[in-house]
Amino acid sequence: SADGRRILVNLPSGPVRVIDIATGRHIAELGEPGGVDEIGLPPDGRTIVTQGGKSFRGWDLATGAPLWSTQTRADYPSMSGDGRRFFERLSDEADIVVREPDTGAKIASLPTKGWIRKISTDGRRVLTAERIIDPESNKIVGNIVEVWDVDRMQASYSARYSDPSILHNLPGDRSAVFELPTEETDQQARMTMIVLSEGRRL
């Protein structure tokens, strides 16, 4: 938990077990019937947010009692680490919509066709990647990587990378884009480091 007093154990296809660190006592089990995909840890240390399938639910850590529940229509929603924002896309062509998990209220709409690759812990920035396809050959010719500022609803970083390239998330708020060498274009290997919390590259 955010206050360091409890351990949360997310069991595969099962509930989340809440254990008191000081005593080792099993406090509660909580979650969705089909299991929990993500856990959000609000800074208050008293609650958590779980996401399982299309359901979001807030819980009281002391009692294990549910506090609220909301639903999304998206098949693959994502949530910020603090549980304060979730991100959804209803189709390949739709914008990314940011909402409050407890009320479902819309916070922002990000006009990008890129797919979410990483979300900052506070949900204020999101890293997306979009493939560029040649309409004539129908082959991938590059990738667009962007960092979106949710509050401003605009990209603070945007760059095109050649294909093949790999986006790899690192611990903390950093990600790396690796552009791989090819014999056809004599492309050299290159790595770019992106700092998500600052919305820029190093």
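**Figure 1. Surroundings of Ser 1 in the predicted model.** Beyond its neighbours within four places in sequence, Ser 1 is in contact with Arg 6, Leu 41, Gly 45 and Leu 61. The structure shown here and in the other views is a predicted model. Ser 1 belongs to the segment before strand 1. With a relative accessible area of 18%, Ser 1 is buried, as values under 20% count as buried.

**Figure 2. The open sheet of strands 1, 2 and 3.** Three strands make up this open sheet, in the order 1-2-3 and with antiparallel pairing. The edges are taken by strand 1 (6-10) and strand 3 (26-30); each has a single partner strand, so one side of each lacks a neighbour in the sheet. From one strand to the next, the twist averages 20°. Strand 1 and strand 2 (residues 16-20) run antiparallel and are joined by five bridges. Within strand 2, Arg 17 is the residue that stands opposite Val 9.

**Figure 3. The open sheet of strands 4 to 7.** The order of strands in this four-stranded open sheet is 4-5-6-7, and the pairing is antiparallel. Strand 4 (38-40) and strand 7 are at the edges, each with a single partner strand, so one side of each has no neighbour in the sheet. Direction ignored, neighbouring strands of the sheet are turned by 20° against each other on average.

**Figure 4. The hairpin of strand 6 and strand 7.** Strand 6 (residues 55-60) runs antiparallel to strand 7 (residues 66-71), and five bridges join the two. Two facing positions can be followed across the pair. Phe 56 has Thr 70 in strand 7 as its bridge partner, and Gly 58 stands opposite Trp 68 in strand 7. Five residues lie between the strands of this hairpin, and Gly 64 in the turn has a positive phi of about 80°.

**Figure 5. Arg 99 and its contacts.** Arg 99 is located in strand 10 (residues 96-99). Its relative accessible area is 22%, which makes Arg 99 partly exposed. Residues up to four places away in sequence aside, Arg 99 touches Arg 84, Arg 85, Phe 86 and Glu 88, and also Gly 104, Ala 105, Lys 106 and Ile 107. One of these contacts, Glu 88, is 11 residues from Arg 99 in sequence, and the C-alpha atoms of Arg 99 and Glu 88 are 8.1 Å apart.

**Figure 6. Asn 138 in the loop between strand 13 and strand 14.** The loop that holds Asn 138 runs between strand 13 (125-133) and strand 14 (140-149). Asn 138 is a residue other than glycine with a positive phi, near 60°. Its relative accessible area of 61% makes Asn 138 exposed, the cut-off being over 50%.

**Figure 7. The hairpin of strand 14 and strand 15.** Eight bridges pair strand 14 with strand 15 in the antiparallel sense. Across this pair, Ile 144 stands opposite Arg 160 in strand 15. The hairpin has four residues between the strands, and Met 153 takes a positive phi near 55° there. Met 153 is not a glycine. It sits in the loop between strand 14 and strand 15 (154-162). Met 153 is partly exposed, with a relative accessible area of 41%.

**Figure 8. A nonpolar surface patch that includes Leu 180.** Ile 166, Phe 178, Leu 180 and Met 191 make a nonpolar surface patch of about 330 Å². Leu 180 is in the loop between strand 17 (174-179) and strand 18 (190-195). The relative accessible area of Leu 180 is 31%, so the residue is partly exposed. This value meets the requirement for patch residues, which is a relative accessible area of over 30%.

Definitions and conventions: Residues numbered from 1 in each chain as written. Predicted model: local features only at pLDDT ≥ 70, side-chain atom pairs only at ≥ 80, totals over all residues. Heavy atoms only, no water. Pairing = 2+ DSSP bridges. Axes fitted to C-alpha atoms, helices over the stretch in contact; angles between N-to-C directions. Patch = residues over 30% accessible without salt bridge, like charges linked within 9 Å, V, L, I, M, F, W, Y side chains within 5 Å. Areas by Shrake-Rupley, 256 points an atom, 1.4 Å probe, with all protein chains shown as cover. Salt bridge = Lys/Arg side-chain N within 4 Å of Asp/Glu carboxyl O. Buried < 20%, exposed > 50% of the residue type's maximum accessible area, 1.4 Å probe, protein only. Contact = heavy atoms within 4.5 Å.
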